[in-house]
Amino acid sequence: MALRPLLSEEQIQTRILEMGAQIDADYPDGNLFLICILKGACYFLADLSRAIQRDVFIDFMGISSYGRGQTSSGEVKVTKDLDISLEGADVLIVEDIVDSGVTLSYLTSLLQQRRPKSVRIAALLDKPERRLRPVDVAYVGFMIPDEFVVGYGLDFAEKYRNLREICILQPE
Ligand code: PRP
């Protein structure tokens, strides 16, 4: 397998600073909760939360999905739930990538049941060509083509998550 660079560390960090500034402007007050979806989004959460100047709360959620990307009836299960209540808070779901949209459409409705003030999504990467379920992504870092990408949290069989850049993984 060969790695072809798609987004450099500098491109990623520059874009995240812009996203942080936008989030600061959009949420001038109230409690803002950043919910990181494990595992891939942990690097994005770390950088995005520090690109935001206002106070934020962070928490983590684990999700496992079956049949994702192949069928719109993909089953989603919560493997680690939040430790905090979302009642009355502005919630920003932090994801590394939106692909079929199955995970995020499920998660958005799940979190909406917990009586937050608002729920929005921030995703570093969006592959709109792959969408099976409609998802409204309020903050998108980069729209990317339908290629297999790794790095900056994204894995292939758990490998490559710790790359600083995002690469396309291709057969040699
Ligand atoms: C990835 C990503 C999203 C989901 C998006 O997670 O972080 O949660 O897939 O796909 P969808 O739009 O088709 O639902 P993954 O299951 O690879 O888990 P990981 O972050 O632990 O690697």
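Strand β7, residues 139–143, is largely enclosed by the rest of the structure, because four of its five residues are buried. Keep in mind that this is a predicted model. The neighbour to look at is strand β6 (residues 118–126), which pairs with β7 in the parallel sense over four bridges. If you want one concrete contact to click on, A123 has V140 in β7 as its bridge partner. Strands of a sheet pair through backbone hydrogen bonds, either parallel or antiparallel.

The antiparallel version turns up elsewhere in the chain. Three strands make an open sheet in the order β1-β9-β8, with antiparallel pairing. Its edges are β1 and β8 (149–150), each of which pairs on one side only. β8 meets strand β9 (residues 166–170) through two antiparallel bridges, and V150 finds its bridge partner, C167, in β9.

Around that sheet there is also a greasy spot to check. M1, F148 and F156 together make a nonpolar surface patch of about 300 Å². Of these, M1 belongs to the segment before β1 (2–7).

Now for helix α1, residues 9–26. Does the geometry add up, and what span should its 18 residues have at 1.5 Å a residue? The expected figure is 26 Å, and the end C-alpha atoms are 26 Å apart, so the two agree. The buried residues in α1 are I12, I16, M19, G20, I23 and D24. Seen down the axis of α1, its buried residues fall within an arc of 140 degrees, so they line one face of the helix. Over on the other side of α1, you'll find E10, L17 and A25 exposed.

On to the charges. A search of the whole structure turns up 14 salt bridges. Here are three of them, with N to O distances.

| Salt bridge | N to O distance |
|---|---|
| E158 and K39 | 3.0 Å |
| D155 and R161 | 3.5 Å |
| K80 and D83 | 3.8 Å |

Where do E158 and K39 sit along the chain? E158 is in the loop between β8 and β9, while K39 is in the loop between β2 (32–38) and α2 (42–51), so to speak a link between distant parts of the chain, 119 residues apart. E158 is partly exposed, at a relative accessible area of 47%, and K39 is partly exposed with a value of 47%.

For the D155 and R161 salt bridge, are the partners buried or exposed, or in between? R161 counts as buried, with a relative accessible area of 14%, because the cut-off for buried is under 20%. D155, at 22%, is partly exposed. Salt bridges that share partners join K39, D155, E158 and R161 into one network.

The salt bridge between the side chains of K80 and D83 has its own split: K80 counts as partly exposed at 30% relative accessibility, whereas D83 counts as exposed at 66%.

One last stop is strand β4 (residues 75–80), which holds K77. K77 is partly exposed, with a relative accessible area of 43%. Its C-alpha atom is separated by 9.7 Å from that of L107, a residue 30 positions away along the chain. As a reading aid for any of these strands, side chains in a regular strand alternate between the two faces of the sheet.

Key. Residues are numbered from 1 along each chain as its sequence is written. This is a predicted model: local features need pLDDT of at least 70, side-chain atom pairs count only at pLDDT 80 or more; totals for chains, interfaces and linings use all residues. Side-chain values use heavy atoms; hydrogens and water are left out. Patches are made of residues with over 30% relative accessible area and no salt bridge: like charges are joined within 9 Å, nonpolar side chains (Val, Leu, Ile, Met, Phe, Trp, Tyr) within 5 Å. Accessible areas come from the Shrake-Rupley method with a 1.4 Å probe; for residues, only the protein chains shown count as cover. A salt bridge is a side-chain nitrogen of Lys or Arg within 4 Å of a carboxyl oxygen of Asp or Glu. Two strands pair if DSSP finds at least two bridges between them. Buried means under 20% relative accessible area, exposed over 50%, partly exposed in between (1.4 Å probe, protein chains only). The expected span of a helix is 1.5 Å times one less than its number of residues. The arc is that of the directions from the helix axis to the C-beta atoms.
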